[in-house]
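Hi,

Here is the structure I said I would pass on. Have a look at it, and then read my notes below.

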Amino acid sequence: MLTIDQLSLQLPLYASWWKRDWATCLDEFSLTVFPGEVHAVVGASGAGKSLLAYAIMGLLPTPARLNGQLYYQGKPLNASRQRQLRGRELALIPQSLSALDPLVRTQRQVTWAAQRAGQPSAHAWHASQQALDHYQLDARAQQAYAHELSGGMARRVLTAMAHVSQAKLVIADEPSVGLDPHQRQRVLDALRELANQGKSVILITHHLRHALPIADRVTIMRDGKLVETAPACAFQDSGASLTNAYSQALWLALPDNAFATTAISRREQEAHVA
Amino acid sequence: MRLIAPIAKRVARLALVLTCVALVSYGLMMASPIDPVDAYLGPQMAQVSPEQRALIAQRWGFDESVAVQFGHWLRQLVSGDLGWSHVYNQPVSEVIAQRFQRSIALLGSAWLISALVGFSLGVVAGAKEGSKLDNIISTYAFITASTPAFWLAILAVLLFSVTLGWTPTCCAGPAGALNQEVTLATRLHHLLLPVATLALLGIASITLHTRTRMLELMRSDVATHAFAQGASRLDVAWRHGLRHASVPAITLAFASLGELFGGSILIEQVFAYPGLGQATVAAGLRSDVPLLLGIALFTALFVSVGNMIADSLYGVIDPRIKASGL
């Protein structure tokens, strides 16, 4: 479905007003996403997860330097093809709830998403209603403004907007942030269901444990680099089948596992010495 | 029924504002060196003996304290009597009513044009940031924002009325013609240049503020999300931009009513247009105290009502602003 080949991204950094440096945000990052799978991309804040999403969508700020190749369904995904496919084949569920327009009623926004995906206006209203119903948003929520929705409802509206576009590749950026366990489960289940329909879902999160129940494969990211891509089932017991020390340490650091933080620091030090 | 309480609250607030304006303007009049008896007598001042002057002053109640005099004035004001304008030899309320009818044609059309054109230019410039069109619009807005109204008016008269002869040089109708004889076309012809000048200046600030709001929106999460849905810049500007940019535009349009009023005083003076602005200048120069006070109160009422309308409109556009105070 989507292949990322040796993708490097640099953004300008102004150390002082006359000097421009380039900060490397993605470093030769490679990834393949198959149809029907939920691929979790896990990493700490600042690992470059959201920038990866923007790079796939082609929504990076203009002075960015991008190297490497993206392929979507076997063909190169360049800027013009991204523009063509955005909203139709590629959909993004943004991280921030402020992505909902505060001045527009929910259903109208979902309708706009449907229209932008190329559906005729007459059908779009109906489709948006179906999508919202699908995510259990009642008539009141459909006519509500963004500030009247709870975090979980707003998250489901954003998911409905990606759903209504009928995109084949959905990128969900931190969809479980700030939600209680019940709401989180609903949102994650919705993503799993998209994958079950044959779509590809890239789930960006820093909660490894939240991602595991629904993910098929997990990619661990660190400082813009790929650490390891492993099947979700590798994250169990002591994580012995994980090949990389960082991902193993990340797994072991979880509270209900060993809750161990020493392992990584010792290994880190060794790495630094080496 | 739910509407009555907030409306009553608004009206009470308006009454309070007007009382304050009345108090301050009356105090200013009292503190000013204007002697109402002198102003009333005008050139006949020399023919009146000091005894007669004292008689007039006594009849007008000048021997009483300031507070009592203010009380008299306020009581008359509440009963609808604004006093007598000696400059126009008419009741003040009549002068204001007549003059305002003229001014509203000038003010209203200039206001409407500047709001609509300013808003559209701002949206276009903001949506196409950095484009040639944006540069042209911004440059235009910055230049006109720093242009004094009277200076532009004088230049306009010089160019269009004196040199080219396209528009009349003065007044609301041809000199010597009776009010009833003037046709609508002639009236519009006389309005053209003052309206254009006033509107040209009003456009700038609304354009600049709308543009700034649009730039902010185009970089916001809302716009990025819309782009992710495959929206074009035009789509984002049309669907999201118009709503977001209209809040500052409305604030500015209604807040600028006062500014426009001030601007119209200068413009009416330059074009010799017989509106409320010109009456204000005449009243000031010839010490017509009742007329001046009347105009001050009327202007305060006009601007306050404008702000009240703006307040009510916010709730319609932005649902986050609760229409609690209506």
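Before anything else, a quick word on terms: a residue counts as buried when its relative accessible area is under 20%, as exposed when it is over 50%, and as partly exposed in between. By that yardstick D27(A), with a relative accessible area of 27%, is partly exposed. Please also keep in mind that this is a predicted model.

D27(A) has a partner worth looking up. Its side chain meets that of K225(A) in a salt bridge, at 3.7 Å from N to O. K225(A) sits in strand β10 (residues 225–231) of chain A and D27(A) in strand β2 (residues 19–33) of chain A, so this pair ties together parts that lie 198 residues apart in sequence. K225(A) counts as partly exposed too, at 43% relative accessibility.

Now to where the two chains meet. How much area do chain A and chain B bury between them? The figure is about 2,000 Å², with 59% of it on carbon and sulfur atoms. On the chain A side, L103(A), W112(A) and R116(A) lose the most area to chain B, and together they make up 37% of what that side buries. The contact draws 26 residues from chain A and 19 residues from chain B.

As for polar links across the two chains, I get 11 residue pairs in polar contact, both residues being at pLDDT 80 or more. Which elements of chain A give two or more residues to the side that touches chain B? They are α1 (49–57), β6 (90–93), α3 (106–116) and α6 (151–164). Of these, α3(A) gives the most, with five residues. Sorted by type, the residues on that side of chain A come out as 17 nonpolar, five polar and four charged.

There is one salt bridge between chain A and chain B. It pairs the side chains of R116(A) and D235(B), at 3.0 Å from N to O. So if you want a residue to start from at the contact, try R116(A), which is also among the three in chain A that lose the most area to chain B.

Over all chains, the structure holds 11 salt bridges. Two more of them, both within chain B, are easy to find:

- R219(B) and E129(B) meet through their side chains at 2.7 Å, N to O. This pair links distant parts of the chain, 90 residues apart: R219(B) is in the loop between α8 (184–218) and α9 (221–228), and E129(B) is in the loop between α5 (92–127) and α6 (132–145). R219(B) is exposed, with a relative accessible area of 57%, whereas E129(B) is partly exposed at 37%.
- R213(B) and E216(B) form a salt bridge at 3.5 Å, N to O. They are three residues apart in helix α8 of chain B, which means about one helical turn separates them.

Salt bridges with shared partners also join R116(A), D235(B) and R239(B) into one network.

One last spot to visit is T167(B), in the loop between α7 (149–163) and α8 of chain B. Is T167(B) buried or exposed? At 9% relative accessibility, T167(B) counts as buried. Its side chain makes a polar contact of 2.9 Å with that of S161(B). Leaving aside neighbours within four places in sequence, T167(B) is in contact with F160(B), S161(B), H189(B), L192(B) and L193(B).

Cheers

Note on methods
Residues numbered from 1 in each chain as written. Chains lettered and ligands numbered in written order. Predicted model: local features only at pLDDT ≥ 70, side-chain atom pairs only at ≥ 80, totals over all residues. Heavy atoms only, no water. Contact = heavy atoms within 4.5 Å. Buried area = accessible area lost by both parts, 1.4 Å probe. Salt bridge = Lys/Arg side-chain N within 4 Å of Asp/Glu carboxyl O. Polar contact = N/O pair within 3.5 Å; in protein donor to acceptor, adjacent residues only side chain to side chain. Helix = DSSP H or I, 4+ residues; strand = E, 2+ residues; numbered from the N terminus. Nonpolar A, V, L, I, M, F, W, Y, C, P; charged D, E, K, R; others polar. Buried < 20%, exposed > 50% of the residue type's maximum accessible area, 1.4 Å probe, protein only.
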